[in-house]
Amino acid sequence: MTETILEVKNLEANLEDGDKILKGLNLTIKAGEVHAIMGPNGSGKSTLSKILSGHPAYKVSSGSMNFLGRDLNELEANERANLGLFLAFQYPLEIAGVNNLEFLRMAYNSKQKYHGLEEADPLDFDDLVESKLEILSMKNDFLNRNLNEGFSGGEKKKNEILQMLILEPKLVVLDEIDSGLDIDALKAVANGINAYKNTGNGVLMITHYQRLLDYVVPDQVHVLSEGRIVLSGKADLALELEKKGYDILNAKLS
Amino acid sequence: MPNLAERNKNEIEFIEQIFRASSSMLSEIPNIRSRQETAIKRVTELGFPQKSSEDWKYYDSQPILENFFTLDICEINKLDKEIIRKHRFPECSENLLVTVNGHFSKELSSTSLTNKNISIIDFNDPDQLKKHPTEEEIINQHFAHKINQEDSFFKACNTALMSNGFLLSVPDDTEIEETIQILHFSNESCFNQTRSLIHLGKNAKLKIIVSYIGLANSHFVNNAVVELILSEGAHFKLDKIQDDTQQGILLYDLYARLMKNSNFEYNSLDLKANHSRDNIKVDLLEPGANAGLAGFYILNKDRKAHNVIKVNHLVPNCTSNQLYKGIISDSARAEFNGEINVSEGANGTNATQLNKNLLLSNTAHIDSRPQLKILADDVKCSHGSTVGELDEDEIFYLLSRGIKKDDALAMLTLSFCEEIIQKVTIDSAKQHIRNLTLENLDTTIHTANTVHKLK
Ligand SMILES: Nc1ncnc2c1ncn2[C@@H]1O[C@H](COP(=O)(O)OP(=O)(O)O)[C@@H](O)[C@H]1O
Ligand SMILES: [Mg+2]
C-alpha cells in the first residue's frame, strides 16, 4: 500500500478575529501523487496552504490535518518544515540584509540539526546549490544577493523552487508558482518540479492555468470554492475548466 | 552668577564644582586658555539644561546630576595595553589614537601616524605647538568656535574642563588611504571631558572609526566633544561606535562645518550605554557641500538614547540626508529629534530625513520628531518617521524554512539595521557591531516572543 503523505478531514478554519474561510475541506495525497487545486479568487486556496504550514493568523476550529502520521496542529511552523512540509509562497517575502546563500545554508542546517544530523560542510553545500541552480537555469550571482530583495517576480518564484530542491521535502505546496512567469521561467520552474517529484513524495499545486499542467501532469484536479472542495477529477478537468470557466460548477453541482 | 537662585540646589552645586575645577584645568596655550575662561562664563550663564527647552524636553538630565557628585574630574590615563589589543580593528593596526578618561595618550597611540602626513597635536603640549605654526593657526581659528555664543551647556563644560584633547589635521591635497581608529576609553568613575578637533585641508580625504568604550564597573559620564572642519573639496567619513558599559552615560557633541563641495559621511552606532545623548550640528556653509548622517540605536532594559540633530542649510545648492533606525525593547526609550533648517536664500537645497523604529515590547517608547524649517523657495525636502513591529509574515517565511523562532527574530532584527551597518568602513567593525547588536537581542527576543504569543 502506498504511503499517505497528507490527510485533511473536514477542516474548518477561520481568521484569528472571526471570519470562517475553510468550511469542511477534505483532501488526501499519497506518495508519488501530483494534485492540482484550482478555484475562483478568494475561495481559500492560499489560506489552505498557510494553514497547512502553520501561519499564526489562522485558527483551526474543527477537523484534522495529518502529515506523515503526525497531527499538524501540534507542530510549530518550523517543525512542520523540518519534518518535510514545504510551502512555495504566492508572494515570497523580501528580506533585506539576509544573504541568499547564507539563508539557504541556515535552512538546510536547521533541518539537519532537527534530525540530529551533522551540519553541511560549506564546500559540499556550495556544490549542492550549484547543481540545483543548473536545473533552474539560474545564475550563480543570485546567491550573493539578499533574500528576494529586488528580485523580479519570476526570479522570486525560481528562488522558491531552488529552496525546495535543496530542502528535499516530502510534500510541497506550490501556491500559484506559475503566476507572472514568462515561457522560459515557466519551463525552468516546471523542470525544477519534475526534478523534485518522485514516488516517495507529493506535490500540491495551486494554479489558475492549464499551461503549468502541460509540463507537470496532475493525477488529480480539485476545485476549491467558498472554502470547500466542490469537485474533483482527472487532468482533463483542468482543460474543461479552462475552456468553460467556473460556470461549469453550477451545472455540475446542481 | 546669574539666575542661579531659581535653580535647584544640585544644579547650583554642579556649576560651582565645575567653576572650581576649571581653574586647575586651564591650558598653558594662551588661545585655548582664553576660550576656556569664556567657556566658564557660558557655563554659568546657560545653567543646567531644563526640560522646558525644546532640545531637552525628552531628556532626563537628573541622572547626570545624581551621578556627578560621586564622580571625579579625572586626571588618570592609565590603561593596560592588553585591553587595547582587544579593541583595535586589525585593518587599522598601525593607525591608532588612544585617549583614556579624556586624556590623549601618546604612549598608547601608534607613532607611525605622523609619517603619514597627518598632524596630531596634543592640546597639553605647548612646545609641540610652537613648532607647528599651521596647526597653531587652525586651533586659533577653530577650537571652541564662537564659544561666547555657545548654546550647549555640556559643550561649554567640556571646553572649560578639558585638559588634553587633540587636534588631528590633514594638509591640503592629501589623501589618507588607511582608516584611522580612535579609541576613547573610560575606566574610572569620572566625569570625563573627551575633546578633539579634526581639520581637513582643501581636497583632503580621511576616514576615521571612533569607539567610545566604557570599562568602569561603576557609574561614569563621558562628555565628548568633536569639532570638525572640512575645507573646500574635502571628503571625510566618520564612523562612531558607542560601546560603553551599562553604567555609562555618554554625552556626545559633534559640530561639523562644511565648506564648498566638501563631503561628510557620518555613521553613528549607539549600542551599549545606559544613557546617551548625541547632539549633532552640521553647518553647510558654502555651496556644493553634502552631509549624509546615518544612525542606528538598539536599546533594551531601561536604557535611553537621544539623538538631537540639526542640519543647517545656510547657502544655496547643498545636499543632506539623515537616516536613523532604532530597535527598542523592554521599557527602553529613544528620542529622535531631527531638524532640517533651510535659511532664506538657500535655494537648490536638497534634503531628506527619515527615522524608522522597531518597537519590540508594549512598554518600549519612541519620541520621533522629524522637523523641517524652510525659509527658501526652491528646495526639495522630505521627512518622515515610522514605528512598527517585526512583520508577522516575514517571521512566518523564515519559520516555514525550518528556522527556529529565536533565530528568525534575530535575523529580521539584524536585517532591519543591516542597511546602516553596511555603511561602516571596516569589515571587522561591521562584525563587531553585529555581535553587540545580538547581545542586546538576547533579552529583546525573549520579549518579542511573549509579545507574539499574546497576539
Ligand atoms: N490574513 C487575512 N486577513 C483578512 N482576510 C483574509 C486573510 N487571509 C485570507 N483572507 C480572506 O479569506 C478569503 C480567502 O483568501 P485566499 O485564501 O487568499 O484566497 P485565494 O488564494 O483562493 O485567492 C478571502 O476573502 C480573503 O480576503
Ligand atoms: Mg491565493
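Two strands count as paired if DSSP finds at least two bridges between them. Keep that in mind for the views below, which come from a predicted model.

**View 1. Here is where β3(B) meets β4(B).** Strand β4 of chain B covers residues 166–170, and β3(B) pairs with β4(B) in the antiparallel sense. The pairing runs over 4 bridges. Want one to look for? B:Ser119 has B:Ser169, in β4(B), as its bridge partner.

**View 2. Step back a little and you get the whole sheet of chain B.** It is an open sheet built from 9 strands, and the pairing is mixed. Walk across the sheet and the order reads β3-β4-β6-β8-β10-β12-β14-β16-β18 (chain B). Which strands sit at the edges? In chain B they are β3 (119–122) and β18 (365–374), each of which pairs on one side only. Leaving direction aside, neighbouring strands of this sheet are turned by 10° against each other on average. As for what links such strands in general, strands of a sheet pair through backbone hydrogen bonds, either parallel or antiparallel.

**View 3. Now for a helix lying on that sheet.** Helix α7 of chain B, residues 153–161, packs on the sheet. Three strands of chain B are touched by α7: β6 (191–200), β8 (220–230) and β10 (248–258). The direction of the helix makes about 90° with that of β6(B).

**View 4. Zoom in on B:His313.** You'll find this histidine in strand β14 of chain B, which spans residues 304–313. Is B:His313 buried or exposed? B:His313 counts as buried because its relative accessibility is 0%, and the cut-off for buried is under 20%. Its side chain makes a polar contact of 2.8 Å with the side chain of B:Ser320. Leaving out residues up to four places away in sequence, B:His313 touches a list of residues including B:Leu284, B:Cys318, B:Ile340, B:Val342 and B:Ala351.

**View 5. Over to chain A, seen as a whole.** Chain A has 9 helices and 10 strands. Its C-alpha atoms fill a box of roughly 60 × 40 × 40 Å along the principal axes. How does the radius of gyration fit a compact globule? A compact globule of 254 residues would have a value near 18 Å, and chain A has 18 Å, so the two agree. Of those 254 residues, 52% count as buried. Among contacts in chain A between residues at least 6 apart in sequence, 69% join residues at least 24 apart. The accessible surface of chain A is about 11,300 Å², and carbon and sulfur atoms account for 45% of that.

Technical notes:
Residues are numbered from 1 along each chain as its sequence is written. Chains are lettered from A and ligands numbered from 1 in the order in which they are written. This is a predicted model: local features need pLDDT of at least 70, side-chain atom pairs count only at pLDDT 80 or more; totals for chains, interfaces and linings use all residues. Side-chain values use heavy atoms; hydrogens and water are left out. Helices (H or I, at least four residues) and strands (E, at least two) are DSSP runs, numbered from the N terminus. Axes are lines fitted to C-alpha atoms, for helices over the stretch in contact, and angles run from 0 to 180 degrees between N-to-C directions. Contact means heavy atoms within 4.5 Å. The radius of gyration is taken over C-alpha atoms; the globule rule is 2.2 Å times the number of residues to the power 0.38. Buried means under 20% relative accessible area, exposed over 50%, partly exposed in between (1.4 Å probe, protein chains only). Accessible areas come from the Shrake-Rupley method with a 1.4 Å probe; for residues, only the protein chains shown count as cover. A polar contact is a pair of N or O atoms within 3.5 Å; within protein, one must be able to donate a hydrogen and the other to accept it, and residues adjacent in sequence count only if both atoms are side-chain atoms.
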